[in-house]
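Work through the exercises below with the model open. Each task is followed by a solution in steps.

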Amino acid sequence: MVKPNRGVLRSKNMLRKAYIELSTEKDASKITVVDVVNRANLSRNAFYAHYPDVNAIAEEIENEFIQKFNLYLDQTLFSQKLDHPLPLLKRFEQFILNDEDDCRMLVHTQNYPIFLEKLKSCSSTAWSPISTTNPAATNTAFWSLSTSSPAA
C-alpha cells in the first residue's frame, strides 16, 4: 500500500478546516474557492490539485462521515443488547463528539436534507437485521434516537 504524501494530507486538512470554519460563518452556497484558499493560506493551484470545486469538500466530509458511521454501526449494533439502548446511545454520543466539527458543518449546511437521507439509508440498512429479531427493542432505540435533539 502506498503511503499518502504528508504535504498532500496537510494541504487537504487545511482546506477542509478552512471550509468547515467558513461554513459556520456563512451559507455554504456562498463559499468560494477564493474564500477557502485565503482562509487556508494556500494557492488556488493547491485547491484544484485536490478538489474540482468547493462542493467536493463538503461531499468528501459527508462520505467520510458516512463511512465512519457505517463502521461504528457494524461494531456497535451487533455487540450491544437492544433491550436497554442507553449504552448504545451513549456510545453514539461519543461517536458524534469525536467528529464534532465535521458534524456541526454537516448539520448547518443547506445540503443537510441530502446528508440526512444518506445517513437514514445507511442506518436503516444496519438496523434491518436487528429489527426482524427484536422489533420492540428496535422501536425503543429508534424512538430514543428520533426524540433527542441534534448536538450543534
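A polar contact is a pair of N or O atoms within 3.5 Å. In this predicted model, the side chain of S23 meets that cut-off with the backbone oxygen of I20, at 2.7 Å.

**Exercise 1. Describe the overall fold and say how far the model can be trusted.**

Step 1. Count the elements. The protein has eight helices and zero strands. From the N terminus on, the order is α-α-α-α-α-α-α-α.

Step 2. Look at burial and surface. Of the 152 residues, 36% are buried. The exposed area is about 9500 Å², and carbon and sulfur atoms supply 54% of it.

Step 3. Check the range of the contacts. Among contacts with a separation of 6 or more, 61% join residues 24 or more positions apart.

Step 4. Read the confidence. The mean pLDDT is 75, and 66% of the residues score at least 70. By element, α2 has the highest mean (97) and helix α8 (residues 135-147) the lowest (46).

Step 5. Mark the weak stretch. Over residues 135-152, pLDDT stays under 50, and the model has 17 contacts beyond four places in sequence for them. Where pLDDT is low, the predicted coordinates should not be read in detail.

**Exercise 2. Test whether the length of helix α1 agrees with its residue count, then examine its start and its buried face.**

Step 1. Work out the expected span. Helix α1 covers residues 6-25, which is 20 residues. The expected span is 1.5 Å times one less than the number of residues. That gives 28 Å for α1.

Step 2. Compare. The end C-alpha atoms of α1 are 29 Å apart, which agrees with the expected span.

Step 3. Inspect the start. A side-chain oxygen of N5 comes to within 2.6 Å of the backbone nitrogen of G7.

Step 4. List the buried residues. In α1 they are S11, L15, R16, A18, Y19, I20, L22 and S23.

Step 5. Pick out two polar members. S23 lies in α1 and has a relative accessible area of 7%, so S23 is buried. R16, also placed in helix α1, counts as buried because its relative accessibility is 11%.

**Exercise 3. Identify the centre of the largest nonpolar core and trace the helices that build it.**

Step 1. Find the best-connected members. The largest nonpolar core holds 32 residues, and L15, Y19, V36, F47 and F65 touch the most other members.

Step 2. Assign the contributions. The elements that give two or more residues to this core are α1, α2 (33-40), α3 (44-50), α4 (54-77), α5 (86-98), α6 (100-107) and α7 (112-133). Helix α4 gives the most, with ten residues.

Step 3. Set this against the general trend. In soluble globular proteins, nonpolar side chains tend to be buried together.

Step 4. Follow L15. Beyond four places in sequence, L15 contacts V36, V37, A40, L42, A46, F47, H50, Y51 and I57.

Step 5. Follow V36. This residue lies in helix α2. Its relative accessible area is 0%, so V36 is buried. Beyond four places in sequence, V36 touches L15, A18, Y19, L22, I31, F47 and I57.

Step 6. Take the distance. V36 and L15 are 21 residues apart along the chain, with their C-alpha atoms separated by 6.4 Å.

**Exercise 4. Compare two loop residues, Y51 and N41. Which is buried and which is exposed?**

Step 1. Place Y51. Y51 sits in the loop between α3 and α4.

Step 2. Judge its burial. The relative accessibility of Y51 is 2%, so Y51 counts as buried.

Step 3. Map its contacts. Leaving out residues up to four places away, Y51 touches K12, L15, R16, A56, I57 and E60. Its side chain makes a polar contact with the side chain of E60, at 2.6 Å. Y51 and L15 are 36 residues apart in sequence and 9.6 Å apart C-alpha to C-alpha.

Step 4. View the contact from R16. Beyond four places in sequence, R16 contacts Y51, I57, E60, I61, E64 and D102.

Step 5. Turn to N41. This residue is in the loop between α2 and α3. Its relative accessible area is 69%, so N41 is exposed.

Step 6. Check the backbone. N41 has a positive phi of about 60° although it is not a glycine.

Conventions. Residues numbered from 1 in each chain as written. Predicted model: local features only at pLDDT ≥ 70, side-chain atom pairs only at ≥ 80, totals over all residues. Heavy atoms only, no water. Helix = DSSP H or I, 4+ residues; strand = E, 2+ residues; numbered from the N terminus. Buried < 20%, exposed > 50% of the residue type's maximum accessible area, 1.4 Å probe, protein only. Polar contact = N/O pair within 3.5 Å; in protein donor to acceptor, adjacent residues only side chain to side chain. Contact = heavy atoms within 4.5 Å. Areas by Shrake-Rupley, 256 points an atom, 1.4 Å probe, with all protein chains shown as cover. Core = buried A, V, L, I, M, F, W, Y, C linked by side-chain atoms within 4.5 Å. pLDDT = per-residue confidence, 0-100.
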